[in-house]
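Here is a short briefing to read alongside your structure. Keep the viewer open and follow the topics in whatever order suits you.

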Amino acid sequence: MSSSSSATSRPALPRLPIPELRQTLDRYLASLEPLLLEDDRLGRSSFESSYALRVKWAQTFEFGIGKILQERLHGKSAGIWLRQSTQKMFNIGRTPAQYCDILSSPHLDSPDSQKLLLTIHNWFYAINIYRQPDAPNVPPQLITPREIAMRIGAIVLDVEQRLARGEKALPVGILSADDRDIWTENQQYLLSLHPTNKKIYQTLLSSVMALSLDHTTHTVSPSPPTATNPRGISQETLDSHLHTIRAHSLNVANRFYDKPFTIIVDPSTRAGATGEHSPCDALVPSIVAEYGIVQGIDEAAFQGPSDDTELGSWERLDWIVDDKIRHACDAAHERAIKLIEDSDDSVLWFQGYGTDWIKGIAKFGPDAYIQMAMQLAWFKTRGEFTATYETVLTRMFKHGRTETLRSLTRDSREWVLAMVDGKSTVEARYAALQRAIKTHSRLTREAATGRGIDRHLLGLKLMLRPQDGEHALLFDDKLFEHSQLWKLSTSGLSAGHLFRGTGFGATYEDGSRCTGYDQIWH
């Protein structure tokens with residue numbers, strides 16, 4: 001069957017619906033209950049009076065400015081703020097701008113769009129990975145894996161020769177790891193120094209993707225003996241690899257962090273990937289990586305003649321810099337190291353039990369069960385509750401991306417308090433867990449079917465016209481912002497069983513990020 005016929009045979013996906021305003025407001029108020037109850041428990045404010053005030057603001061919003069914003073939202077195309085993801089992985093980059101970054105536009109007719117960006121020892125290179133056609137109206141053809149490997153090998157040889165001559169790359173890539181406003185100023189100055197820099201920067205943005213070849217294999221300090229995972233990989237090996245992908249002092253500058261997808265390989269041949277999240281959902285590169293692993297490597301594809309005589313098959317991308325940029329790189333490196341030292345990452349390969357037991361014996365949904373476990377763990381270590389984010393996919397809709405599930409609910413809070421109450425019986429705790437999981441499962445279904453609240457609230461807020469004096473007490477409320485302070489942020493990013501350890505960094509200094517947790521419970 002042709003691609004065109006198969007495309008027409010597939011049922012058209014519906015647009016992501018815009019929920020009823022009253023429905024969203026009721027669910028939003030319900031999501032505030034555990035936070036207000038916590039304020040009451042800690043003696044900060046009365047639950048009854050605080051909740052009544054939010055109900056009043058919601059009613060004012062519904063029949064006032066909220067009604068106008070809802071009408072404006074219905075007049076917008078859903079495609080404006082919900083976009084297809086896969087196309088955003090390649091041939092683009094995130095461009096720094098003051099106060100608000102932008103995504104570069106792909107220029108597929110540019111020669112740069114046929115190049116692979118390679119970083120090694122903090123130097124930048126570009127490799128032509130497409131062959132130009134011999135006839136008009138014929139698209140360029142991807143060169144063979146053997147040819148790509150040969151060109152990478154030629155660059156490695158060039159780097160070795162440069163190092164032997166005592167050359168050292170200025171780590172310009174570290175500038176893209178810096179605070180976005182600082183990077184904006186440095187980027188503008190860097191591009192103003194010489195036309196060559198503008199050309200290099202455009203190549204970086206337009207290139208298909210990036211490949212970082214690190215020159216060190218990182219190892220973390222030995223930890224107490226732990227069980228190895230079913231593949232015989234030690235905890236130390238797993239965590240060392242994660243630290244390599246996250247970056248450390250010796251490889252943090254060997255990146256261009258504004259690319260949506262970068263494959264990282266260290267000398268031990270362990271590989272991973274990192275990417276700029278804003279262009280597409282994190283599940284998308286996970287799917288791409290899983291696909292690549294499933295396809296495997298055909299060793300025969302690398303056999304054949306060892307010469308590559310095509311002119312211009314690769315090029316150096318050497319920046320023209322001055323002392324100001326050199327000092328900026330040093331400062332950016334110091335700030336990056338502070339971020340690295342203030343964070344940590346690890347893989348937990350739990351083997352006590354898995355989804356079979358949770359579903360078959362406990363009769364609970366694994367996702368909701370694990371979310372409750374994380375709520376309990378957070379409270380027992382912090383002594384308080386926090387707004388919790390969980391990703392829910394809305395892929396059943398056209399242009400659907402994600403919705404937020406607010407995992408901290410009144411029922412999950414009551415279960416956690418029952419678990420830490422020494423007077424609570426096993427029966428009471430179990431009943432509370434059942435209620436909490438039932439509520440979480442309902443919220444999951446609502447979010448996945450276009451009945452979540454956070455994307456709707458975001459859309460309504462974006463419809464405000466502050467330049468015309470418009471505002472809403474609902475959005476001005478400090479609790480509105482506090483309810484989105486996701487110090488515990490969670491998501492399951494597994495696209496399969498091979499590409500593991502996917503995740504994000506913590507959003508807040510005192511926060512945690514639990515990702516890929518669905519993998520460790522199989």
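The notes below walk through helix packing, a glycine in a loop, and strand pairing. Please keep in mind that this is a predicted model.

**Helices α2 and α3**

- Helix α2 covers residues 21-41 and helix α3 covers residues 47-63; the two pack with their axes 10 Å apart, at an angle of about 160°.
- Angles over 145 degrees count as roughly antiparallel, and α2 and α3 are therefore roughly antiparallel to each other.
- The crossing in which α2 passes α3 is right-handed.
- On the α2 side, the contact is made by L21, R22, L25, L29, L32, E33, L36, L37 and D40.
- On the α3 side, the contributors are F47, E48, S50, Y51, R54, V55, A58, Q59, F61 and E62.
- Sorted by character, the residues of this contact of α2 with α3 come to 11 nonpolar, 2 polar and 6 charged.

**The loop after α3**

- G64 sits in the loop between α3 and α4, the latter being residues 65-74.
- Is G64 buried or exposed? The relative accessible area of G64 is 26%, so G64 is partly exposed.
- Buried would require under 20% relative accessible area, and exposed over 50%.
- G64 and A472 are 408 residues apart along the chain, and their C-alpha atoms are separated by 9.0 Å.

**Helices α13 and α14**

- Helix α13 (residues 410-419) packs with helix α14 (residues 426-448) at an angle of about 155°, and their axes are 8 Å apart.
- That angle makes α13 roughly antiparallel to α14.
- Here the crossing is left-handed as α13 passes α14.
- From α13, the contact draws on D411, S412, E414, W415, A418 and M419.
- From α14, the contact draws on R429, A432, L433, R435, A436 and T439.
- The contact of α13 with α14 divides into 6 nonpolar, 2 polar and 4 charged residues.

**The six-stranded sheet and its helices**

- What is the strand order in the open sheet of 6 strands? Reading across, the order is β9-β8-β7-β3-β4-β10, and the pairing is mixed.
- The edges are held by β9 (271-274) and β10 (314-317); each has a single partner strand, so one side of each is left without a neighbour in the sheet.
- From one strand to the next, the twist averages 25°.
- Within this sheet, β7 (residues 210-213) and β8 (residues 262-265) pair in the parallel sense over 4 bridges.
- If you would like a place to look, A210 has T262 in β8 as its bridge partner.
- Helix α7 (residues 195-206) lies across β3 (115-120), β4 (123-128) and β10, and runs at about 120° to β10.
- Helix α8 (residues 235-246) lies across β8 and β9, and runs at about 40° to β9.

**Strand β11 and its partners**

- In which sense does β11 pair with β13, parallel or antiparallel? Strand β11 (residues 388-393) and strand β13 (residues 488-491) pair in the parallel sense, over 3 bridges.
- E390 and T490 are bridge partners here, with T490 in β13.
- With strand β12 (residues 402-406), β11 pairs in the antiparallel sense over 5 bridges.
- For that pairing, you can look at V392, whose bridge partner in β12 is E403.

Technical notes: Residues are numbered from 1 along each chain as its sequence is written. This is a predicted model: local features need pLDDT of at least 70, side-chain atom pairs count only at pLDDT 80 or more; totals for chains, interfaces and linings use all residues. Side-chain values use heavy atoms; hydrogens and water are left out. Axes are lines fitted to C-alpha atoms, for helices over the stretch in contact, and angles run from 0 to 180 degrees between N-to-C directions. Angles under 35 degrees count as roughly parallel, over 145 as roughly antiparallel, 65 to 115 as roughly perpendicular and the rest as oblique. A crossing is left-handed if the near helix is turned anticlockwise from the far one by less than a right angle, and right-handed if clockwise. Contact means heavy atoms within 4.5 Å. Ala, Val, Leu, Ile, Met, Phe, Trp, Tyr, Cys and Pro count as nonpolar, Asp, Glu, Lys and Arg as charged, and the others, Gly among them, as polar. Buried means under 20% relative accessible area, exposed over 50%, partly exposed in between (1.4 Å probe, protein chains only). Two strands pair if DSSP finds at least two bridges between them.
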